[in-house]
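Work through these exercises with the model open beside you. It is a predicted model. Try each task before reading its solution.

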Amino acid sequence: MYNGEFLFPRYFNWSVFASVTPPLPVVLWFSCRSIARLANIDEATLRKAAETTEVLLDHEKEWKLGKCILRFPEILQKILDDLLLHTLCDYLYELATTFTEFYDSCYCVEKDRQT
């Protein structure tokens, strides 16, 4: 039976890693879904807008996020070349961190506040 030692040696403790923070790609996914929900946009409308809307990057954090997203094909090619899967984990961590910076700095949808 395969126990994963090739990819995750015995000294790697998943329970310690998992207790620190939820997996960042999951946080990234829910943040994106939250933006769509707050904007009251359904998935079909969002897909159509993604295909037809010109992307304008005005803020520094938008540029940083855009550059990080564009590196994805390069990361996949690197994984295929050297067969080191941790490269994907490193990239996803960087992407989630970059998205969090963007999310904190740039308001995508502002709720109506009664205050």
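**Exercise 1.** Find which residues of α4 meet which residues of α6. Then sort the residues of this contact by class.

*Solution.*
- Step 1: Start on α4. Lys61, Glu62, Lys64, Leu65, Cys68 and Ile69 take part.
- Step 2: Cross to α6. The partners there are Tyr91, Glu94, Leu95, Thr98, Phe99, Glu101, Phe102 and Ser105.
- Step 3: Sort them. The contact has seven nonpolar, two polar and five charged residues.

**Exercise 2.** Describe how α4 and α6 are oriented to each other.

*Solution.*
- Step 1: Take the angle and the distance. The helices pack at about 160 degrees, with axes 9 Å apart.
- Step 2: Apply the cut-off. Angles over 145 degrees count as roughly antiparallel.
- Step 3: Conclude. α4 and α6 are therefore roughly antiparallel to each other.
- Step 4: Add the hand. α4 passes α6 in a left-handed crossing.

**Exercise 3.** Do the same for α5 and α6: what is the hand of their crossing, and which residues meet?

*Solution.*
- Step 1: The axes come within 9 Å and cross at roughly 160 degrees.
- Step 2: α5 and α6 are therefore roughly antiparallel. Their crossing is right-handed.
- Step 3: Phe72, Ile75, Lys78 and Ile79 of α5 meet Thr87, Leu88 and Tyr91 of α6.
- Step 4: By class, these are five nonpolar, one polar and one charged.

**Exercise 4.** Find which helix supplies the largest share of the largest nonpolar core.

*Solution.*
- Step 1: List the core. Its ten residues are Ile35, Leu65, Cys68, Ile75, Ile79, Tyr91, Leu95, Phe99, Phe102 and Cys106.
- Step 2: Place them. α4 (60-70), α5 (72-82) and α6 (86-105) each supply at least two.
- Step 3: Pick the leader. α6 gives the largest share, four residues.

Conventions. Residues numbered from 1 in each chain as written. Predicted model: local features only at pLDDT ≥ 70, side-chain atom pairs only at ≥ 80, totals over all residues. Heavy atoms only, no water. Core = buried A, V, L, I, M, F, W, Y, C linked by side-chain atoms within 4.5 Å. Buried < 20%, exposed > 50% of the residue type's maximum accessible area, 1.4 Å probe, protein only. Axes fitted to C-alpha atoms, helices over the stretch in contact; angles between N-to-C directions. Parallel < 35°, antiparallel > 145°, perpendicular 65-115°, else oblique. Left-handed = near helix turned anticlockwise from the far one by under 90°. Contact = heavy atoms within 4.5 Å. Nonpolar A, V, L, I, M, F, W, Y, C, P; charged D, E, K, R; others polar.
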